[in-house]
Amino acid sequence: MTSPEAVPGIVSAARAALPGWRDAAPHARADVLRRAADLVRERLEKLAVLHSRESGKVITQARGEVRGAARLLEVNAELGRTWAGALAPTGALPGGERDLTLVERVPVGVVVAVIPFNFPVELTVEKTAAALATGNVVIVKPPPQNPQATTEVCGLLHEAGVPQDVLQVVPGGTELSAALCAAPGVDAVSLTGSVGAGVAVASATAALLRPLHLELGGNGAAIILPDADLDLVVSETLRGRLLMNGQACAATKRVLAHRSIAGDLTERLHAALAEVRPEDPLKEDARLGPLIDAGAAARVAGQVRRAVSEGGRLVLGASEADGPWYGPALLADVPTSAAVACDDEIFGPVFTVIPVEDDTEAAAVANASALRLTAAVFSPDLPRAMAVAQRLDFGGVVLNGTNNYRPPVVPFGGVGMAGAGREGDGYTIEELTRTRFLAIRGLRPAAAPLDVPR
């Protein structure tokens with residue numbers, strides 16, 4: 001574990017390494033990232049097994065995450081190679097027609113990347129590949145619960161040719177995160193984690209006006225209209241909620257169902273969840289593994305008990321955890337006044353059905369949460385579904401599919417306390433670079449006068 005007292009030396013080494021990496025040719029940096037992608041694919045099974053054993057993610061999902069990381073390395077390599085900037089239209093203004101002004105994107109400098117426990121392989125690459133491709137240097141702080149997968153991925157980047165001081169890996173806890181994020185010499189912070197972690201970083205760095213890229217919690221809502229295909233709803237809700245054992249920011253945590261169908265939907269969810277059980281995540285057919293640790297499972301059980309005390313009905317599941325193990329739970333008839341209907345984000349495999357009277361109430365309850373990351377609307381009546389979607393103040397809305405939707409080509413990020421900034425192909429690069437203009441005065445020939453008839 002790295003001591004907070006070591007932070008000044010870590011940052012100093014990063015700053016010393018910055019000029020050499022920043023000034024290297026973009027194609028040279030891209031070649032390094034492409035070699036890293038090849039190494040990730042070569043070591044796919046080893047990395048996936050390590051991730052599954054360390055985090056509890058089921059092996060099929062772990063493999064998918066590693067494949068996604070290799071793709072992110074390739075895409076960012078190409079983006080870094082071809083990111084060229086633009087010309088400012090100075091000729092649009094009188095007196096500017098002879099100027100040539102280039103607008104380029106330049107690296108911010110030293111980036112601290114704080115990695116969460118739920119997607120440590122993919123999010124390590126999401127942040128570091130975009131930063132490295134554009135000439136930044138990176139200090140990676142792995143999740144304390146499961147640091148090995150992040151460390152292994154960074155090791156492959158080193159093996160591919162990234163210098164040690166250009167990409168430093170510093171394991172530690174919350175004190176180290178705080179020291180890194182507030183350290184002089186750091187130019188930007190990219191953090192994926194809890195709302196509390198994001199607020200703490202924002203508070204610690206406020207006086208520095210340091211750019212912060214924050215992807216925080218999400219209390220995602222799926223609105224189920226009366227004519228929805230309930231079989232589709234059940235299939236998509238299970239797929240979206242059980243990812244990483246329910247520990248995903250964009251998971252479907254609130255199912256807002258019209259009262260006329262809430263009972264039928266609850267019965268169907270019950271039947272589907274009765275076939276899901278927590279088991280060894282390395283089993284090829286496993287659908288649900290343990291939570292990240294016993295403390296996380298205990299918190300989930302406590303949230304379930306609170307929801308019951310506030311009027312919900314526990315249809316399936318337990319009110320206590322067994323170490324890190326907590327099987328799927330189904331809460332029905334949860335009132336809109338309950339904490340889980342607003343900002344009490346349950347980070348575990350808990351399905352919460354909240355009956356609502358109409359489309360207007362559904363949108364209002366969804367928007368009442370400060371954790372507005374993604375939402376979904378289910379209905380074959382697309383004009384009606386679109387009308388509801390237009391009312392939702394979220395980072396993204398999916399129609400007729402799980403709101404746990406994050407293909408790398410979309411700008412992924414939230415609204416309110418869900419965070420600030422966007423991640424995805426090109427979007428992460430925008431967060432970790434800044435624009436700079438370079439104006440050459442009087443370079444162009446004088447413009448010919450325009451003979452305008454009067």
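Start by selecting Phe347: with a relative accessible area of 22%, this residue is partly exposed. Keep in mind as you look around that the model is predicted.

**First stop: a pair of rings**

Now add Phe117 to the selection. Is Phe117 buried or partly exposed? At 15% relative accessibility, Phe117 counts as buried, because the cut-off for that class is under 20%. Together these residues form the one aromatic pair that the structure holds. The ring centres of Phe117 and Phe347 are 6.1 Å apart and the planes sit at 90 degrees, so the pair is edge-to-face. Colour the chain by position and you can see that the pair links distant parts of it, 230 residues apart. Phe117 is in the loop between strand S3 (110–114) and H5, while Phe347 is in the loop between S11 and S12.

**Second stop: the strands around S11**

From Phe347, move to strand S11, residues 329–332. Show the side chains: Ala329 and Leu331 point one way, Leu330 and Ala332 point the other way, and all are buried. Next, display S10 (residues 313–316), which runs antiparallel to S11 and is joined to it by three bridges. Then display S12 (residues 350–356), which is also joined to S11 by three bridges but runs parallel to it. Which residue should you click to follow the bridges to Leu314 and Thr352? Pick Leu331: it is the bridge partner of Leu314 in S10, and its own bridge partner in S12 is Thr352.

**Third stop: the largest pocket**

Turn on a pocket surface and go to the largest pocket, with a volume of about 870 Å³. Its lining has 35 residues, and the closest to the centre are Phe117, Gln145, Gly193, Ser194 and Ala197. So Phe117, the buried member of the ring pair, comes back into view here. Which elements should you highlight as supplying at least two residues each to this lining? Select helix H7 (174–181), strand S6 (188–192), helix H8 (195–205) and helix H11 (294–309). H8 gives the largest share, five residues. Colour the lining by class and you will find 20 nonpolar, 11 polar and four charged residues.

**Fourth stop: the second largest pocket**

The second largest pocket has a volume of about 570 Å³. Of its 24 lining residues, select Glu65, Phe119, Glu122, Leu243 and Arg406, which lie nearest the centre. Two or more residues of the lining come from each of helix H4 (59–82) and helix H5 (120–133). H4 provides the largest share, with six residues. By class, this lining has 11 nonpolar, six polar and seven charged residues.

**Fifth stop: an enclosed cavity**

Keep Arg406 selected, as this residue also lines the largest cavity. How many cavities of 30 Å³ or more does a search of the whole structure find? There is one, and its volume is about 30 Å³. Add Glu126, Pro407, Pro408, Val410, Phe412, Glu423 and Gly424 to complete the lining along with Arg406. Four of the lining residues are nonpolar, one is polar and three are charged.

**Last stop: Ser52**

Finally, centre the view on Ser52, in helix H3 (residues 44–55). At 0% relative accessibility, Ser52 counts as buried. Leaving aside neighbours within four places in sequence, show its contacts: Lys57, Val58, Ile59, Ala62, Pro281 and Leu282.

Conventions. Residues numbered from 1 in each chain as written. Predicted model: local features only at pLDDT ≥ 70, side-chain atom pairs only at ≥ 80, totals over all residues. Heavy atoms only, no water. Buried < 20%, exposed > 50% of the residue type's maximum accessible area, 1.4 Å probe, protein only. Helix = DSSP H or I, 4+ residues; strand = E, 2+ residues; numbered from the N terminus. Pairing = 2+ DSSP bridges. Contact = heavy atoms within 4.5 Å. 1 Å grid on protein atoms, 1.4 Å probe; cavity = no way out; pocket = protein on both sides within 12 Å on 5 of 7 lines; lining within 4 Å. Points joined across faces, edges and corners; volume = space filled by probe spheres on them. Nonpolar A, V, L, I, M, F, W, Y, C, P; charged D, E, K, R; others polar. Phe/Tyr/Trp six-rings, centres within 6.5 Å; stacked < 30°, edge-to-face > 60°.
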